[in-house]
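Biologist: I should like to learn how to read a model of this kind. Could we proceed feature by feature?

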Amino acid sequence: MKRLHLERLANPQLLALAGVLLINWLLFPNFFRITWQDGRLFGSLIDVLNRGAPVAILAIGMTGVIATKGVDLSVGAIMAVCGAVAATMVVAGYPTPVAVIAALAVGIACGLWNGFLVAILDIQPIVATLVLMVAGRGIAQLITEGSIVTFNDPALIFIGTGSFLGFPMAAVIALALLILVTLLVRKTAIGLFIQAIGVNRAAASLAGIRSRMLLVLVYALSGFCAAIAGIVVAADIRGADANNSGLWLELDAILAVVIGGTSLLGGRFSVPMAVVGAIIIQAMNTGILMSGFPPEFNLIVKAGMIILILLIQSPFATRLFVRQRLVPAKAGPK
Amino acid sequence: MQDSDYVLEARGVTKIFGNHTALDAIDFGLRPGEVHALLGENGAGKSTLIKVLTGAYQPDAGGVFVDGALVTLDNPLHAQTHGIGTVYQEVNLLPNRSVAENLYLGHQPTRFGLVDHRKMEKAAKTLLERYGLAIDPSSDLGSHSVAVQQIVAIARAVELSGKVLILDEPTASLDRNEVERLFEVIADLKKSGLAIIFITHFLDQVFAISDRVTVLRNGRLVDTRQLDSVSRTDVVRLMLGKDIAFSGATDLEPERPTTDVLLDFKSYGRKRSVHPFDLTIHKGEVIGVAGLLGSGRTEMARLMFGADPADQGTITVAGKPTAIRNTTDAISRGFGFCPEDRKAEGIFGDLSVRENIIIALQGKLGWFRALNRDEQLEIAGKFGEAMDIRAASLDMPVKLLSGGNQQKVILSRWLATDPAFLILDEPTRGIDVGAHAEIVRTINRLRDDGMAMVVISSELDEVVAYSSRIVVMRDREMVAELRGKNINPGVIVQAIANSADEAQP
């Protein structure tokens, strides 16, 4: 038990998170201070959770896609579409639950479209999802008729700015989704099958795994997650901005998944670690903002991290590490 | 081997990759004005030898001689300057450029530093006429058939090299008429004194145009023969078997008391893949499948398993007519399939031994009845032990195991599903002796337990040893079903070669 505990502490993602938080604390000693005010928690750490939530939600869906050796570039655009759907519907007077469910359904439909292109038409995922990445913003603009649709629906706004047990609603939603999806892939055989498809789709088909159906499902889940993120972001700013909602967030989501230890080559994956990856990114963003560096610096640091992570995943680095410790790989992403 | 009329010669050429000897002291000589067929099953070393002869690889021992002089060929371009040109199965020219440009790419006639298109097209036209091609040299290469492209590639290779032409499976994607046309071109080139190396899997074509044949097996030279002095059977024998014992006839497994029919295929086939065939398989029966590479053995296996579904014929499983549209259908009816290409289609390299073993069973159980870790370990442990899988841990990635152990893992994967019918495609290819014996033992054990099996193998003595019946595939067609006594590898070789003239019992 003790060894297991130590092993978990030595997890590179958690170490990286600790490192980033430590640097933030050094730069900004009040970083860890959390106060209770008006029935909710305040502080930089809470802010990281709140702001990191949309990317974390996207990363939850993206993990499954990347584990199948795919990628979903359209999630940012799907966020814009679903935010627009929710906003225009509440403005048109539909009840909030109807608007939210409609937005979620649209997100799933977008995901099904991606899944159809990838699994049935066998289009490369990067190209297939590029279609919706480009078209999605156009669709969102059509829905909002080119303007930013603002709303005052308190129930919808609560999703973005409310709190639950003192924690920001966005973070609570992300956590709930994390638990749900983790249970879905761990307590069923779906996680194993996703890995099998990512490692070797031909062998998966010969082993009797319905790889097409599963691929469609994985992209649908990614669309669903993007819809949630889109609603959260729209609710947060009380408006749907077709041009800027979720802009470039697909890249942050991919980065979060990769930081979380899921290889772009498919196979082993971890949903919780992808969420940790999203928190690392947000902690970096917050730290850089608080330290007073110009925001441009933010992008450079991110780029540096991508390079570092790709280097670590490269066969060269693998050779370097594997030779040193030939420990049997840890069983399954538990 | 000091034959001075060899235009191109390999003497004692050896090529080693890691600890695998791809070519072991190969002697090979090519005379001007001959078509020399190079034969061998996959992995025999044909392409490695070609790559050495064209300078793509450097030999680790031995040397390449052009006109009797030792040469060092740095790369295929350098080989070209020595007169050696190659045409590959996949035409590697530029389909979106004109025929003339493709012919003279890199050697275009120029005027004032610019390409002289008129001169080039004129030259191309005269050149192509020599090959009986009356096509417009300014048309896009891609607008012509593969056969024409093939001839353009040959014309280019001959034009640039002019002494030796290497044709690597040039007929693989051609139809019968196109092949004949290509053969006319080859015959003309031969008359003009060109030396030609011809690589193919089709025996008919070897006998149609070749003068001599060299057979490689497992990186070794088996023999070089004058083709008019050998029969088709001899050639097949050279290709397939070192120890095909023609003396001691091994009987097939004595006819068992008839058991229940498990499977009945009736004119079962798939267009462009396998001709319709009839096959009845009883419980406890092993059907051996013999045939050369490309004869449709693997296609038949994939057809039976639903990986490429049948488009004609019917199948009856245990008396019930049924349809197998995909692998899931097949597995739910108790089928299992170990594919030939273990790495590409069999194992999940990054997944653990445990996961690799339970995955088909889990696939059968579906998404929501997940085996937990303890159940997985128990199943994997049980079959791992029964198959004697040598792994440090059931949780290590399967890619770290040896080929033989990986094969045992795949076999265990299907045994875990408790199948009634197993299809094994080359289950013993490329694995060590110990694992080989273990797999043959397992096949025997499963047969005695009443499982029906189809086993595809190039190891004929092995097929004879465990099969109850043997079917022979040729040109994607089931051409013979051998049963009863006095079946030995020799009889199978004959059935494969179909040389009725020298029939044996």
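Modeller: The following turns treat the interface, a helix, a sheet and a single residue.

Modeller: This is a predicted model, in which local features need pLDDT of at least 70 and side-chain atom pairs count only at pLDDT 80 or more, while totals for chains, interfaces and linings use all residues. Residues are numbered from 1 along each chain as its sequence is written, and chains are lettered from A and ligands numbered from 1 in the order in which they are written.

Biologist: How many residues of chain B are in contact with chain A?

Modeller: Two residues are in contact if their C-beta atoms, placed from the backbone, lie within 7 Å. Here, 30 residues of chain B are in contact with 22 residues of chain A. On the chain B side, α10 (327-332), α11 (342-346) and α12 (353-365) each supply at least two residues. Helices (H or I, at least four residues) and strands (E, at least two) are DSSP runs, numbered from the N terminus. The most comes from α12(B), with six residues.

Biologist: How do the residues on that side of chain B divide by character?

Modeller: Ala, Val, Leu, Ile, Met, Phe, Trp, Tyr, Cys and Pro count as nonpolar, Asp, Glu, Lys and Arg as charged, and the others, Gly among them, as polar. The side of chain B that touches chain A has 16 nonpolar, eight polar and six charged residues.

Biologist: Is helix α9 of chain B mostly covered or exposed?

Modeller: A residue is buried if 20 or more other C-beta atoms lie within 10 Å of its own, exposed if 12 or fewer, and partly exposed in between, with C-beta atoms placed from the backbone. Helix α9(B) (residues 297-305) is mostly covered, with nine of its nine residues buried. Among them are B:Arg297, B:Glu299 and B:Phe305. Just after α9(B), B:Gly306 has a positive phi of about 80 degrees.

Biologist: In what order do the strands of the open sheet in chain B run?

Modeller: Two strands pair if DSSP finds at least two bridges between them. Six strands of chain B follow the order β18-β19-β20-β15-β21-β22, with mixed pairing. The edge strands, β18 (335-338) and β22 (477-482), each pair on one side only. Four bridges join β18(B) to β19(B) (residues 421-425) in the parallel sense, and B:Cys338 has B:Leu424 as its bridge partner in β19(B).

Biologist: Why does A:Ala59 count as buried?

Modeller: A:Ala59 counts as buried because it has 36 C-beta neighbours inside 10 Å. This residue lies in helix α3 (residues 44-67) of chain A. Beyond its neighbours within four places in sequence, A:Ala59 is in contact with residues including A:Ala253, A:Val257 and A:Gly277. The C-alpha atoms of A:Ala59 and A:Met273 are 9.6 Å apart, although 214 residues separate them along the chain.
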